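Let's take a walk through this protein together, one neighbourhood at a time. Have the viewer ready so you can follow along.

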Amino acid sequence: MASAAAVVSLDPSGNLCSFFKQDQKPVGWAILGLGSYATTQILPNMRYCKLSKPVAFISGSPDKLKRYGDAFGISPEHRYSYDNMDAIKDNPEIEVVYVITPPGTHKDFTLRAARLGKHVCCEKPMANSVAECEEMIDACAKAGKQLQIGYRCHYEPYNLQATELCRKGEFGVLRSIQASMGFSAQPGIWRLNKKLGGGGSMYDIGIYGLQALRYLSGEEPSEVFATISNPPKDERFKEVEDTVHVVFKFPSGLTGSVACSYSWAGVNRYEVLGTKGRLVAENATGYYGFQFQIGSRSVTVQPGNMWASQMDHLSECIRTGAKTNRTPGEMGRQDIRIIHAIYESARTGRSVKLG
Ligand code: NAD
């Protein structure tokens, strides 16, 4: 089966950054929040980093600090609680704090880390409101520190390849991009709590579809129209939304859609329709098992580790002083702005223009 040529530039071990000299000291990262994503994806994949190294943990749980500290070789004096984390100020080994807690906590932890003189990587979605995002951007800028959002798909080879192909006209003029994202949310999780989650399925997973529309097209939406539906009497959706359908208009004439839900059994796909061709991506923004098809051809890419590439990119920006992070706070703020316009549209029953 023929396959599209790889167009991303990766070094031999599959990572995007390769400028570091062998003897250069990796940037020290403190992982804040030892939940599922931190311990099952970020930390295991950090061993593929060339420029970044976990040097400290910050957690509210003494048990997790001991368990994961021992497992990942973090010495006891580099294990901090939320109460005593101000002490990281005096630990020069820590250069970055990676905030991996629920979105409703991102603003406070980011402001705190910046005040303590550290660069910040913050997980998606960036924060509960545009105003909070502004505060985070301002705090990091005032402290002279970098702020990256953990949008790992910008460092993932299949998504990079798809973006390149869309942008160079492989599918002709892009006319439509449709994304569907969903999983079945179990009761009791912070994702169903508005204060902690910021919103529901749109906030947590619809954001991957929104991101895909933005990076595949290279355009910003000019208008959104949305509907939200919650299953009647489903106790999970007292505070946040379940199913969202959004239509996006873009300045070029491209139309897009994102559908997302906490009631669907595992869907993660997008489809690009152009005047000359079509791309279908299954498990499009997942962790593994990407299946990208151009018509009947499978897309193949040079392997790469998106987590290592994401973290090394921030480390590279720190070492070189570059202010060109690919996934900066401003990108996170734009998503939050669009998502709140989506909520406004669903609430009012009207389309909302984005200036
Ligand atoms: P999780 O519930 O497994 O872990 C969250 C951690 O935050 C826990 O250790 C918890 O103790 C801690 N925490 C700190 N303050 C808290 C508070 N006030 N309330 C509740 N918990 C608090 O969640 P997760 O799936 O690891 O998600 C964490 C972040 O990572 C979220 O922003 C999520 O959107 C993001 N995430 C990103 C990806 C990705 O692919 N980029 C994947 C999963 C999660």
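What follows visits a buried acid, a helix pair and some aromatic rings. Keep in mind that this is a predicted model.

Start at Asp335, which you will find in helix H9, spanning residues 329-348. This residue has a relative accessible area of 0%, and since buried means under 20%, Asp335 counts as buried. Who keeps it company? Leaving aside residues up to four places away in sequence, Asp335 touches Tyr151, Ile207, Leu210, Gln211 and Arg214. With Arg214 there is a polar contact between the two side chains, at 2.7 Å.

Arg214 also leads us to the next stop, as one of the residues of H7 that meet H5. The axes of helix H5 (residues 157-167) and helix H7 (residues 201-217) come within 7 Å and cross at roughly 50 degrees, so the two helices are oblique to each other. On the H5 side, the contact is made by Asn159, Ala162, Thr163, Cys166 and Arg167, while H7 brings Arg214, Tyr215, Leu216 and Ser217. Sorted by class, this contact has 4 nonpolar, 3 polar and 2 charged residues.

Now for the rings: the structure holds 13 aromatic pairs. In one of them, the ring centres of Trp29 and Tyr98 are 5.7 Å apart and the planes sit at 65 degrees, so the pair is edge-to-face. Because Trp29 belongs to strand S1 (residues 27-32) and Tyr98 to strand S4 (residues 96-99), the pair ties together parts that are 69 residues apart in sequence. Trp29 is buried, at 0% relative accessibility, and Tyr98 is buried at 0% too. Elsewhere, ring pairs link Tyr37, Tyr287, Tyr288 and Trp307 into a cluster.

Notes. Residues numbered from 1 in each chain as written. Predicted model: local features only at pLDDT ≥ 70, side-chain atom pairs only at ≥ 80, totals over all residues. Heavy atoms only, no water. Helix = DSSP H or I, 4+ residues; strand = E, 2+ residues; numbered from the N terminus. Buried < 20%, exposed > 50% of the residue type's maximum accessible area, 1.4 Å probe, protein only. Polar contact = N/O pair within 3.5 Å; in protein donor to acceptor, adjacent residues only side chain to side chain. Contact = heavy atoms within 4.5 Å. Axes fitted to C-alpha atoms, helices over the stretch in contact; angles between N-to-C directions. Parallel < 35°, antiparallel > 145°, perpendicular 65-115°, else oblique. Nonpolar A, V, L, I, M, F, W, Y, C, P; charged D, E, K, R; others polar. Phe/Tyr/Trp six-rings, centres within 6.5 Å; stacked < 30°, edge-to-face > 60°.
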